[in-house]
Amino acid sequence: MGLFPGLANIWDVVPAAFAGVAAFLLAEFTIYWRHRLEHHRLWWPIHAVHHPDETITWFTLLRKHPLAKLLSAVVDHLPLLLIGLPLWAIALAAVIRSWWGFFIHADLPWTLGPLGKVLMSPAAHRLHHIDDLVLCGANYGNTLTLWDRLFGTYVDPQPYLNCATGVCG
């Protein structure tokens with residue numbers, strides 16, 4: 001299975017926990033870049049549908065343009081399938097990311113304290129939805145802050161707790 005059949009065999013011999021972690025980390029990496037690209041002027045018109053809410057709720061996660069839904073469905077899972085990761089690992093990563101996606105779209109000023117250095121918090125993601133086109137170009141990660149920190153797009157949410165949201169344009 002996958003583009004590289006030899007890789008599929010690797011997943012049969014590595015511990016299941018390793019395959020699960022690999023699926024999760026690769027998915028997070030892919031989602032980070034897909035989400036970051038959605039903020040580029042070429043893709044922004046379809047992604048902007050997700051950003052106008054002045055009150056963030058878990059319904060905000062569901063507000064997406066149909067093309068954005070299609071893009072995320074294909075881009076988020078294709079790399080995992082191409083390297084032959086087990087379907088159970090891909091599904092587990094998707095469930096964790098989906099659950100966390102609802103959590104970070106909750107209207108909570110939680111930074112998660114020290115855990116917020118590793119995990120995307122509702123406050124950090126709210127900052128991503130701030131009504132400022134420059135600051136909404138931060139905190140692209142879904143579950144982890146890792147990729148934002150590595151690529152310089154993480155912004156500490158503490159100074160922006162309960163910031164106004166609803167960027168337009």
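Fourteen is not a count to leave unexamined: the predicted model holds 14 aromatic pairs. Trp11 and Phe18 form one of them, and this pair is stacked. The two ring centres lie 6.3 Å apart, with 25° between the planes. Trp11 is buried, at 12% relative accessibility. A second example joins Trp99 and Trp100. Here the arrangement is tilted, with 55° between the planes and 5.5 Å from centre to centre. The two partners fall into separate exposure classes. Trp99 has a relative accessible area of 55% and is exposed. Trp100, at 12%, counts as buried, because the limit for buried is under 20%.Ring pairs also build a cluster. Its members are Phe29, Tyr32, Trp33, Tyr140, Trp147 and Phe151. One charge sits over a ring elsewhere: Arg149 lies over the face of Tyr154. The distance to the ring centre is 4.1 Å.

Charged side chains give a further set of contacts. The structure holds four salt bridges. Two of them involve Arg34, with Glu38 as one partner and Asp76 as another. In the bridge between Glu38 and Arg34, the closest N and O atoms are 3.0 Å apart. Both residues belong to helix α2. They are four residues apart, about one turn of the helix. Glu38 is buried, with a relative accessible area of 2%. Arg34 also counts as buried, at 10%.

The bridge from Asp76 to Arg34 has its closest N and O atoms at 2.9 Å. Asp76 lies in helix α4 and Arg34 in helix α2, so this pair ties together parts that are 42 residues apart in sequence. Asp76 has 6% relative accessibility and counts as buried. Which residues are joined into one network by salt bridges that share partners? They are Arg34, Glu38 and Asp76. Arg34 is the residue bound to both Glu38 and Asp76. The three members are buried, with values of 2% for Glu38, 10% for Arg34 and 6% for Asp76.

A further salt bridge joins Asp53 and Arg63. The closest N and O atoms are 2.7 Å apart. Asp53 and Arg63 are both placed in the loop between α3 (44-47) and α4, ten residues apart. Asp53 is buried, at 11% relative accessibility. Arg63 is partly exposed, at 37%. The value for Arg63 falls in that class because partly exposed covers what lies between under 20% and over 50%.

Attention turns next to open space in the model. About 500 Å³ lies in the largest pocket. The lining of this pocket is made up of 26 residues. Which of them lie nearest its centre? They are Arg34, Leu61, Lys64, Asp76 and Asn142. Arg34 and Asp76 are thus named in the pocket lining and are also partners in a salt bridge. Three elements give two or more residues to the lining: α2 (16-38), α4 (66-82) and α5 (87-104). Helix α2 holds Arg34 and helix α4 holds Asp76. By class, the lining has eleven polar, nine nonpolar and six charged residues.

Backbone geometry singles out two positions for comment. Leu112 has a phi near 70°, a positive value in a residue other than glycine. Leu112 is located in the loop between α5 and α6 (122-128). At 23% relative accessibility, Leu112 counts as partly exposed. Asn162 likewise has a positive phi, of about 60°, although it is not a glycine. Asn162 is found in the segment after α7 (146-150). Is Asn162 buried or exposed? With a relative accessibility of 52%, Asn162 counts as exposed, because the limit for that class is over 50%.

Definitions and conventions:
Residues numbered from 1 in each chain as written. Predicted model: local features only at pLDDT ≥ 70, side-chain atom pairs only at ≥ 80, totals over all residues. Heavy atoms only, no water. 1 Å grid on protein atoms, 1.4 Å probe; cavity = no way out; pocket = protein on both sides within 12 Å on 5 of 7 lines; lining within 4 Å. Points joined across faces, edges and corners; volume = space filled by probe spheres on them. Nonpolar A, V, L, I, M, F, W, Y, C, P; charged D, E, K, R; others polar. Buried < 20%, exposed > 50% of the residue type's maximum accessible area, 1.4 Å probe, protein only. Phe/Tyr/Trp six-rings, centres within 6.5 Å; stacked < 30°, edge-to-face > 60°. Lys NZ or Arg CZ within 6 Å of the ring centre and 35° of its normal.
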